[in-house]
Amino acid sequence: MTGRIPDVSSEELLDHILASLSDDKAEDVITIDLRGKSSIADYMVICSGRSTRQVGAIAEKLKERLKEDLGRGSKLEGKDQGDWVLIDTGDVVVHVFRPEVREFYQLEKMWLPAGAAAARA
């Protein structure tokens, strides 16, 4: 296999990510459409895990599933701490938080227009 990223649309990738998060019981999952707003990704997904252990497990399992199912590599940041893990898949950036850390940073408020509701999975 070459280092080429398989042809998967950002919407297909997002669907796969949301299914993985659901399988691993991620909580309060929201999707933010970044198309036309940012060049960092097409979508941002924010979710919570109940504990440091669950946050790390959700992130690691997502990385494994993307590699196995789609042949798509991704980068993890913050897994060792377990409070906030960022998974960069290229077209979709996923943030997995412990609830207290998520409340502190409030990324949803930074990326959503005032009064807008995020799409909940």
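Let's start with a cut-off: a residue counts as buried when its relative accessible area is under 20%, and as exposed when that value is over 50%, with partly exposed in between. Keep in mind that you are working with a predicted model.

**Exercise 1. Is S74 buried or exposed, and what does S74 touch?**

Step 1. Find the residue: S74 sits in the loop that runs between α2 and β3 (75-77).

Step 2. Apply the cut-off. S74 has 10% relative accessibility, so S74 counts as buried.

Step 3. Look at the surroundings. Skipping residues up to four places away in sequence, S74 touches K63, L66, I87, D88 and T89.

**Exercise 2. Get an overview of the chain: how many helices and strands are there, and what percentage of the residues is buried?**

Step 1. Count the elements: the chain has 4 helices and 6 strands.

Step 2. Read them off from the N terminus, and you get α-β-β-α-β-β-β-α-α-β.

Step 3. Now for burial: of the 121 residues in the chain, 43% are buried.

Step 4. Check how the chain folds back on itself. Take the contacts with a separation of 6 or more; 57% of them are between residues 24 or more positions apart.

Step 5. Finish with the outside. The accessible surface is about 6,900 Å², and carbon and sulfur atoms account for 50% of that.

**Exercise 3. Work out how helix α1 is placed: which of its residues are buried, and where do they sit around the axis?**

Step 1. Test the length. Helix α1 (residues 10-23) has 14 residues, and at 1.5 Å a residue they should span 20 Å; the end C-alpha atoms are 20 Å apart, so the two agree.

Step 2. List the buried residues of α1: S10, L13, L14, I17, S20 and L21.

Step 3. Look down the axis. These buried residues fall within an arc of 125°, so they line one face of α1.

Step 4. Turn to the other side of α1, where D15, S22 and D23 are exposed.

Step 5. Ask what does the covering. The cover over the buried residues of α1 includes β1 (27-33), β2 (43-48), α2 (52-70) and β5 (92-97).

Step 6. Look just past the helix: α1 is followed by K25, and the phi of K25 is positive, near 65°.

**Exercise 4. Do the same for α2: which elements do its buried residues pack against?**

Step 1. Length again. The 19 residues of α2 should span 27 Å at 1.5 Å a residue, and with its end C-alpha atoms 27 Å apart, that agrees.

Step 2. Pick out the buried residues of α2, which are Q54, V55, G56, I58, A59, L62, R65, L66 and L70.

Step 3. Find their partners: the buried residues of α2 pack against α1, β2, β3, β4 and β5.

Step 4. After α2 comes G71, with a positive phi near 65°.

**Exercise 5. Find the largest nonpolar core: which element supplies its largest share?**

Step 1. Recall a general idea: in soluble globular proteins, nonpolar side chains tend to be buried together.

Step 2. Size up the core. The largest one has 22 residues, and I17, L21, I87, V92 and V94 have the most contacts inside it.

Step 3. See who contributes. At least two residues of this core come from each of α1, β2, α2, β4 and β5, and the largest share, 6 residues, is from α2.

Step 4. Zoom in on V94. Leaving aside neighbours within four places in sequence, V94 is in contact with I17, L21, V45, L62, V85, L86 and I87.

Step 5. Don't miss another core, which lies apart and has 11 residues, including I32, V93, L107 and L112.

**Exercise 6. Describe the aromatic pair of W84 and Y105: what are its distance and angle?**

Step 1. The structure holds 3 aromatic pairs. In the one formed by W84 and Y105, the centres are 4.7 Å apart and the planes make 50°, so the pair is tilted, since tilted lies between under 30 degrees (stacked) and over 60 (edge-to-face).

Step 2. Place both partners. W84 is in strand β4 (residues 84-88) and Y105 in helix α3 (residues 99-105), 21 residues apart, and the pair links distant parts of the chain.

Step 3. Check exposure: W84 is partly exposed at 27%, and Y105 is partly exposed at 41%.

Step 4. Widen the view. W84, F97, F104 and Y105 form one aromatic cluster.

Methods. Residues numbered from 1 in each chain as written. Predicted model: local features only at pLDDT ≥ 70, side-chain atom pairs only at ≥ 80, totals over all residues. Heavy atoms only, no water. Phe/Tyr/Trp six-rings, centres within 6.5 Å; stacked < 30°, edge-to-face > 60°. Buried < 20%, exposed > 50% of the residue type's maximum accessible area, 1.4 Å probe, protein only. Expected span 1.5 Å × (residues − 1). Arc of directions from axis to C-beta. Contact = heavy atoms within 4.5 Å. Core = buried A, V, L, I, M, F, W, Y, C linked by side-chain atoms within 4.5 Å. Areas by Shrake-Rupley, 256 points an atom, 1.4 Å probe, with all protein chains shown as cover.
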